[in-house]
Amino acid sequence: GRCPPAAPFCKLQSQTHIVFVVHRVASKRKSPEQKRSGQAEKHKESLRKKKAPECKRIPLAKAKQTLENAGCLDRAELRLGDGLSVLSAGEVGSIVLAGVSAQTTWEIIEKAPWVSAVGGPRLVMVPATRHSELRRWLWQHGFALVADRPVQAAGRWYAVIAAEYTGKVTEPTFTQCLLGDTGRWPEGAGYAAWQRAKLPRMRLGVPDGSPLAAEMDAILKEGN
């Protein structure tokens with residue numbers, strides 16, 4: 001279903017239909033120099049082909065179990081594919097991209113041009129890493145952040161970012177990318193402290209006297 005503007009992170013309603021996509025990660029191929037010749041390699045290839053169907057079934061089975069545990073399997077369908085390749089424009093109103101890096105997140109979006117259209121689906125993203133870079137990419141590619149909430153799990157901080165395409169390109173500051181709109185939430189102070197703790201190491205590679213260095217130094221001074 002489509003999330004109303006006032007509810008960036010919607011609870012699923014009873015009539016909501018869920019399309020659960022299991023992202024298939026392409027395996028890295030070895031260079032010719034790394035491959036072994038002869039029957040041994042052919043035997044390994046044969047074993048890989050036999051295991052391939054099973055490798056596909058395992059994540060689908062796990063996804064099915066997740067939906068069963070949530071009590072919504074009867075309203076869902078499972079698809080296995082590369083990112084959003086198994087979805088079509090207009091098929092879904094909201095898309096959740098979670099458990100992958102920021103770069104993988106925007107690469108998935110780039111491969112589905114129908115997402116970057118005014119009136120397109122709302123994206124709810126939980127990048128595993130590089131929150132700042134994902135915010136920058138979204139702003140620079142015409143997306144507006146509908147909500148940006150920090151959450152803590154197992155001692156790590158994450159950002160749940162909801163965005164929609166508007167076509168308006170923005171060039172954000174370093175501070176905006178670092179913290180987003182997390183300051184408006186109760187968890188904002190803890191997230192900000194966690195992000196600031198990374199700055200001394202990041203600052204080492206920035207030339208003194210540059211605008212970026214000045215912005216970083218101001219953030220560090222504010223945190224002291």
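## Burial and overall make-up

Of the 224 residues in the protein chain, 32% are buried. Keep in mind as you read that this is a predicted model. The chain exposes about 13800 Å², and carbon and sulfur atoms supply 55% of that area.

Seven helices and six strands make up the secondary structure of the protein chain. Following the sequence from start to end, you will meet them in the pattern β-α-β-β-α-β-α-β-β-α-α-α-α. Among contacts with a separation of 6 or more, 68% link residues 24 or more positions apart.

## The sheet

Let's turn to the strands. Four of them build an open sheet, in the order β3-β4-β6-β5, with mixed pairing. β3 and β5 (143-153) are the edge strands, each pairing on one side only. From one strand to the next, the twist averages 15°.

The mixed character is easy to follow around β4. On one side, β4 pairs with β3 in the parallel sense over five bridges, and I95 stands opposite L123 of β4. β4 and β6, by contrast, run antiparallel and are joined by three bridges; here V124 has A162 in β6 as its bridge partner. β4 is also mostly covered, with four of its five residues buried.

## Helix α3 and the sheet

Helix α3 is a good place to linger. It packs on the sheet, where α3 touches β4, β5 and β6, and its direction makes about 5° with that of β6. The buried residues of α3 are H131, L134, R135, W137, L138 and W139. What covers them? The cover includes α2, β4, β5, β6, α4 (174-179) and α5.

## Two helix neighbours, two geometries

How do α2 and α3 lie relative to each other, parallel or perpendicular? Their axes come within 8 Å and cross at roughly 25°; that angle is under 35 degrees, so α2 and α3 are roughly parallel to each other. At this contact, A102, T105, W106, I109 and E110 of α2 meet E133, L134 and W137 of α3.

The packing of α3 with α5 has another geometry. These two helices pack at an angle of about 100°, and their axes are 12 Å apart. The angle falls in the range of 65 to 115 degrees, and therefore α3 and α5 are roughly perpendicular to each other. H131, S132 and R135 of α3 make this contact with Y191, W194 and Q195 of α5. Helix α5 (residues 188-196) also lies across β5 and β6, running at about 105° to β6.

## Nonpolar cores

Which residues have the most contacts inside the largest nonpolar core? They are L84, V115 and M125, in a core of 23 residues. Several elements each supply at least two residues of this core: β3 (94-98), α2 (102-110), β4 (122-126), α3 (131-140) and β6 (156-165). A second, separate core has nine residues, including A192, L199, V206 and A213.

V115 deserves a closer look in your viewer. Leaving aside residues up to four places away in sequence, V115 touches L84, I95, I109, P121, L123, F143 and Y165. Two of these have already appeared: I95 and L123 stand opposite each other in the sheet. I109 is another familiar name, being one of the α2 residues that meet α3.

## Backbone spots to check

Most residues other than glycine have a negative phi. With that in mind, a few positions may catch your eye on a Ramachandran plot. R130 has a positive phi of about 55° although it is not a glycine. R130 sits in the loop between β4 and α3. Is R130 buried or partly exposed? Its relative accessibility is 36%, so R130 counts as partly exposed.

A154 is another residue other than glycine with a positive phi, near 55°. The loop between β5 and β6 holds A154. With 85% relative accessibility, A154 lies over the 50% cut-off, so A154 counts as exposed. Finally, G142 comes just after α3 and takes a positive phi of about 85°.

Definitions and conventions:
Residues are numbered from 1 along each chain as its sequence is written. This is a predicted model: local features need pLDDT of at least 70, side-chain atom pairs count only at pLDDT 80 or more; totals for chains, interfaces and linings use all residues. Side-chain values use heavy atoms; hydrogens and water are left out. A nonpolar core is a set of buried Ala, Val, Leu, Ile, Met, Phe, Trp, Tyr and Cys residues joined through side-chain atoms within 4.5 Å. Buried means under 20% relative accessible area, exposed over 50%, partly exposed in between (1.4 Å probe, protein chains only). Contact means heavy atoms within 4.5 Å. Accessible areas come from the Shrake-Rupley method with a 1.4 Å probe; for residues, only the protein chains shown count as cover. Two strands pair if DSSP finds at least two bridges between them. Axes are lines fitted to C-alpha atoms, for helices over the stretch in contact, and angles run from 0 to 180 degrees between N-to-C directions. Angles under 35 degrees count as roughly parallel, over 145 as roughly antiparallel, 65 to 115 as roughly perpendicular and the rest as oblique.
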